[in-house]
Amino acid sequence: MARVACIGSGNVGRAWAVVFARAGHEVALYDADPAQVAVALPLIARTMEQLGVSGDIRAASSVAEAVAGAIHVQESVREDTEIKRAVMSEIAAHAPMDCVIASSTSALPGSTFMTHIPQPERALVAHPVNPPSLIPLVELCGTGVTSDDAMARSRAFMDSLGMKPVTLTREIDGFLLNRLQYTLVAEALHLVGEGYCTAEDIDRVMTDGLALRWLSIGPFATAHLNATAGFKGFVGQLGPMMRRMGEDARTDYDWDQPLIDSIHDQMAARFPVDEIPDWQAWRDGRILAARRVQDS
Ligand SMILES: NC(=O)c1ccc[n+]([C@@H]2O[C@H](COP(=O)([O-])OP(=O)(O)OC[C@H]3O[C@@H](n4cnc5c(N)ncnc54)[C@H](O)[C@@H]3O)[C@@H](O)[C@H]2O)c1
């Protein structure tokens with residue numbers, strides 16, 4: 001088993017630590033704020049207990065100590081180009097030359113903060129879905145100078161961890177998941193904002209409609225299985241309607257404050273803000289149950 005470093009021990013960094021440790025790797029965890037690591041370690045222990053897994057995770061007192069001898073470094077610091085640029089320089093100065101350096105960035109193009117380092121061919125984005133300890137998708141995206149070898153090694157490593165990687169062929173803002181997710185959110189905002197339905201109705205459309213299919217098959221396979229002649233047959237029949245919906249969707253709908261406040265109030269009626277940690281635990285339990293269905 002190998003050494004893996006997690007730089008940043010917030011929400012995402014500590015979930016990554018669980019992913020690496022449960023696969024048997026020795027994990028070094030570093031954060032610029034030592035108090036953050038002190039908070040993270042018991043939370044990690046709780047997650048590992050919930051998942052029924054164990055592992056070797058230790059705090060490191062510097063980036064240099066964390067990345068020494070590592071085969072993979074996962075950076076999960078604040079979403080800020082300048083902070084990430086500086087952290088990348090420090091990681092690259094101390095990590096072995098054949099170590100893959102991956103960033104968890106949600107939407108920053110890797111080319112804006114990873115290409116200035118020595119041997120930038122080893123650096124790429126590995127964007128997880130929070131928390132990666134429960135959700136296996138990871139989006140791999142090079143910077144334009146990332147080597148094919150680093151992309152392939154990273155993909156094989158993610159596979160070996162039980163993650164489900166997708167590899168983008170080039171950079172695009174938001175990668176895949178967030179582009180799909182926020183396009184849908186924008187149209188949902190439009191529908192609620194124009195009074196067609198409530199925010200709760202949108203949740204019901206998802207959880208009692210689309211999500212039941214989407215647990216096992218995506219939108220293209222959904223269309224393919226909804227017509228006896230497959231995707232071509234479906235588009236042949238309903239293509240004009242599908243195109244019209246796309247053209248009609250209001251992805252530029254205004255995020256105005258009264259609408260945000262109203263959606264917040266509807267959500268808070270079901271999930272009171274002071275109970276959010278309990279509801280997060282409930283959500284995580286549901287995700288684990290859904291994974292069991294997927295695996296069955
Ligand atoms: N939260 C999500 O839903 C989510 C999902 C996918 C990806 N991401 C991405 O993961 C990254 C981390 O997000 P998060 O939600 O864990 O944030 P967070 O605020 O919970 O944690 C960030 C951590 O980085 C540490 N940090 C800041 N500067 C540092 C430095 N110079 N060196 C070392 N540590 C430093 C902070 O002390 C903090 O503990 C971001 O790039 C974010 O966009 C977040």
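**Entry 1: the E7–E8 pair.** I started with strand E7 (residues 137–141) in this predicted model. I found four bridges joining E7 to E8, and the two strands run parallel. For a landmark I picked Val138, which stands opposite Pro165 in E8.

**Entry 2: the whole sheet.** Next I zoomed out to see where that pair sits. I read the strand order as E3-E2-E1-E4-E5-E6-E7-E8, an open sheet of eight strands with mixed pairing. I noted strand E3 (56–59) and strand E8 (164–167) as the edge strands, each pairing on one side only. I also looked up the twist: neighbouring strands of this sheet are turned by 25° against each other on average, with direction ignored.

**Entry 3: the ligand shell.** Then I turned to the ligand, which has 23 residues around it. I listed Gly10, Val12, Ala32, Ser106 and Asn130 as the ones that come nearest. By class, I have seven nonpolar, twelve polar and four charged residues in the shell. Which elements each supply at least two residues of it? I got helix H1 (11–22), helix H4 (81–94) and strand E6 (123–128). The largest share, three residues, comes from H1.

**Entry 4: the nonpolar core.** My last stop was the largest nonpolar core, with 50 residues. The members that touch the most others are Ala5, Ile7, Ala17, Val73, Ile91 and Ile101. I met H1 again here, with eight residues as the largest share of this core. I followed up on Ile91: leaving aside neighbours within four places in sequence, Ile91 is in contact with Ile7, Val63, Val67, Val73, Glu75 and Ile101.

Note on methods:
Residues are numbered from 1 along each chain as its sequence is written. This is a predicted model: local features need pLDDT of at least 70, side-chain atom pairs count only at pLDDT 80 or more; totals for chains, interfaces and linings use all residues. A residue is near a molecule or strand if its C-beta atom, placed from the backbone, lies within 6 Å of it. Ala, Val, Leu, Ile, Met, Phe, Trp, Tyr, Cys and Pro count as nonpolar, Asp, Glu, Lys and Arg as charged, and the others, Gly among them, as polar. A nonpolar core is a set of buried Ala, Val, Leu, Ile, Met, Phe, Trp, Tyr and Cys residues joined through C-beta atoms within 7 Å. A residue is buried if 20 or more other C-beta atoms lie within 10 Å of its own, exposed if 12 or fewer, and partly exposed in between; C-beta atoms are placed from the backbone. Two residues are in contact if their C-beta atoms, placed from the backbone, lie within 7 Å. Two strands pair if DSSP finds at least two bridges between them. Axes are lines fitted to C-alpha atoms, for helices over the stretch in contact, and angles run from 0 to 180 degrees between N-to-C directions.
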